[in-house]
Amino acid sequence: MRLLTVAAMRRVDAAAIDGGVPGLRLMEAAGAAVAARARARLPAGGKTVVLCGPGNNGGDGFVAARLLAEAGYGVDLVLLGERAALKGDAALAAEAWTGPVRQVDGSPLPSCDLVIDALFGAGLSRDLDGAARALVEAVNAAGVPVLAVDVPTGIDGNTGAVRGVAIRAVETVTFVAFKPGHLLQPGRSLCGQLSLADIGTGPEALAVGLAVGPPLHRNGPDLWAGAFPRLSGLSHKYTRGHALVLSGPATKTGAARLAARGALRVGAGLVTVASPPAALAENAAHLTAIMLRPCESADDLDDLLTDERLNVVLAGPGLGTGEPTRERVAVAAAAGRGLVLDADALTSFAGQARLLAAHLADGDARAVLTPHAGEFARLFDGTAAAGAADKVARTRAAAELTGAVVVLKGADTVVAAPDGRAAINDHGSPYLGTAGSGDVLGGLIAGLMAQGMDPFEAAATGVWLHGDAGLRHGPGLIAEDIPELMPAVLRDLVESALR
Ligand SMILES: NC(=O)C1=CN([C@@H]2O[C@H](COP(=O)(O)OP(=O)(O)OC[C@H]3O[C@@H](n4cnc5c(N)ncnc54)[C@H](OP(=O)(O)O)[C@@H]3O)[C@@H](O)[C@H]2O)[C@@H](O)CC1
Ligand SMILES: Nc1ncnc2c1ncn2[C@@H]1O[C@H](COP(=O)(O)OP(=O)(O)O)[C@@H](O)[C@H]1O
Ligand SMILES: [K+]
């Protein structure tokens, strides 16, 4: 699903209005969508408090208030600002509201079953302070469920950041498309359930918004199902690719095996662990379907890679930091295979992102980098990527700098390609925050690349499958569970989105 930035959304609204759809009609549709969601949450004859701000977000609130009152619900309307100061469509929507308007005066919030937050939406332009801040704090303290209009007040629609203080909603109704701030943390957590409403802007106006900037997606099967590897009667293990995972030294081998298991379970035809000789026995004791080869040095890796069937290399988990790891990365990159770099392979290039980029360019490697926030900060220290304004911008800048697909992990993992395509993932679970979980993710991505997926699509798919496993398992998840959940995850995917 494509996302729209706040600016792109304004272009959609403007194009629709230019195309002959009155702005008030859009506002009526927005307010009606809010009222419909409120009705789904209110008990019969229940009571709502609608908080309206001074702009068009407040206008949506006036419409919703009118429709709910007409439907027989109790409605208290509280306005932040002067009624006489309302302008344009918001002033027209306010005129159509015939009930009382309470001014924000510091008195306690009236008791109710649901608060509708129509204070600020796309027009939030600075941190909340004064009466607005106090009102938001009072709403959060009241413990009443909140339905947010467009975006919870205080959340930046582009970045998901809290501007001073923000409403915690149980549901957010937005219009036409989700915005990045609905999916980026902490915005994602404060939005609650996400609902999307068509407000009649139409396909031509939408196209105007989608043409703004490089594509940004909500990660999901619609983004990559077409590229997902499919088997035929002619498939055999070598058509499904062969991934090579570099193991760390003795006592540091588990991470590589987790990754290798992920690669195998997601469908790579063969997976080999390349192990230092001193760790062969340790690895052999835990591997069965996964093969094992000795590999002591960068030269040994070079020799292994003379086998052209090894089409993807994964390096980093448990590998150790420093020159030997940098040398292995250089060799793997020069071999021009698919390459997934995680953990120590990234930290070994701390402050040397340009050197890493040069290695990747050397072999024309199809590379994916999978840093968590700490690894990202170390690797891109001193570059524009570290200083960019939000997580999408940081990930895009890192991808552009390195020429690799970058997966910036976390509760709101962002995947970006060097050409600017990006996806935000909100299909996951906090239970994924467990030792070794990221190692398995690297393996899933490597396994998908081994089967021929492009780095961007493989990365987005791997992140989604990993998130799906986390959602399915929930409490008690450990990293070993993630590969073992792949059969169920993949079966459901094949039976739904891949049909
Ligand atoms: N045709 C359309 O476009 C449609 C738009 N729709 C709806 O419109 C919403 C966008 O409306 P909007 O642009 O009027 O902005 P909105 O969020 O109401 O806020 C602007 C006001 O807030 C003020 N303000 C800002 N920050 C502040 C702060 N920290 N503290 C205090 N004040 C602050 C700001 O003041 P100023 O910065 O000008 O001083 C201005 O007065 C959008 O979210 C959607 O719900 C739908 O109806 C569908 C059709
Ligand atoms: N709250 C969360 N919601 C969703 N995914 C999460 C959350 N916390 C962590 N994850 C995911 O778990 C994985 C952790 O990876 P990483 O930090 O590299 O751990 P490790 O190094 O132990 O393998 C990442 O894919 C990350 O996106
Ligand atoms: K709002």
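This is a selection-by-selection tour of a predicted model.

**Domains**

Start by colouring residues 6–213 and 221–495 separately; the domain assignment calls them domain 1 and domain 2. Taken over C-alpha atoms, the centres of domain 1 and domain 2 are 41 Å apart. Contact between them involves seven residues of domain 1 and eight residues of domain 2. On the domain 1 side, the touching residues are three nonpolar, three polar and one charged.

Next select 220–493, where an unreviewed UniProt entry places the feature "domain: YjeF C-terminal". Helix makes up 45% of residues 220–493 and strand 14%, and the end C-alpha atoms of the span are 11 Å apart.

**Ligand 1**

Select ligand 1 and show the 26 residues that surround it. The closest are Gly 55, Asn 56, Asn 57, Gly 121 and Gly 123. Two helices, α2 (23–41) and α3 (56–70), are the elements that give two or more residues to this shell. Of the elements, α3 gives the most, with five residues. Colour the shell around ligand 1 by class and twelve residues come up nonpolar, ten polar and four charged.

**Ligand 2 and helix α19**

Move to ligand 2, which has 18 residues around it. Label Ala 411, Gly 428, Pro 430, Gly 433 and Gly 438, which come nearest. By class, the shell around ligand 2 holds six nonpolar, ten polar and two charged residues.

Which element supplies the largest share of the shell around ligand 2? Helix α19 does, with four residues. Select α19, residues 437–450, to see the whole helix. Its 14 residues reach 20 Å from the first C-alpha to the last, close to the 20 Å expected at 1.5 Å a residue. Is α19 mostly covered or mostly exposed? Mostly covered: 14 of its 14 residues are buried. After α19 comes Gly 452, with a positive phi near 105°.

**Leu 485**

Select helix α21 (residues 481–495) and pick out Leu 485 within it. Leu 485 counts as buried because it has 20 C-beta neighbours inside 10 Å, and 20 or more is the cut-off for that class. Leaving aside residues up to four places away in sequence, Leu 485 touches Ala 469, Arg 472 and His 473. For a distance across the model, draw a line from the C-alpha of Leu 485 to that of Leu 26: the two atoms are 45 Å apart, with these positions 459 residues apart along the chain.

**Backbone exceptions**

Most residues other than glycine have a negative phi, and most peptide bonds are trans. The last stops are exceptions to this.

Zoom to Gln 185 and Pro 186, which are joined by a cis peptide bond with omega about 0°. Pro 186 sits in the loop between α6 (180–183) and α7 (187–191).

Then select Val 176, in the loop between β6 (171–175) and α6. Phi of Val 176 is positive, near 75°, and the residue is not a glycine. Val 176 is buried because 23 C-beta neighbours lie inside 10 Å.

Finish at Thr 251, in the loop between β9 (242–246) and α10 (254–265). Thr 251 also has a positive phi, about 75°, although it is not a glycine. Is Thr 251 buried or exposed? Thr 251 is exposed, because 10 other C-beta atoms lie within 10 Å and the exposed class covers counts of 12 or fewer.

Notes:
Residues are numbered from 1 along each chain as its sequence is written. Chains are lettered from A and ligands numbered from 1 in the order in which they are written. This is a predicted model: local features need pLDDT of at least 70, side-chain atom pairs count only at pLDDT 80 or more; totals for chains, interfaces and linings use all residues. UniProt positions are given in the numbering used here, feature names are shortened, and annotations may be inferred rather than shown by experiment. Domain bounds come from an automatic or database domain assignment. Two residues are in contact if their C-beta atoms, placed from the backbone, lie within 7 Å. Ala, Val, Leu, Ile, Met, Phe, Trp, Tyr, Cys and Pro count as nonpolar, Asp, Glu, Lys and Arg as charged, and the others, Gly among them, as polar. A residue is near a molecule or strand if its C-beta atom, placed from the backbone, lies within 6 Å of it. The expected span of a helix is 1.5 Å times one less than its number of residues.
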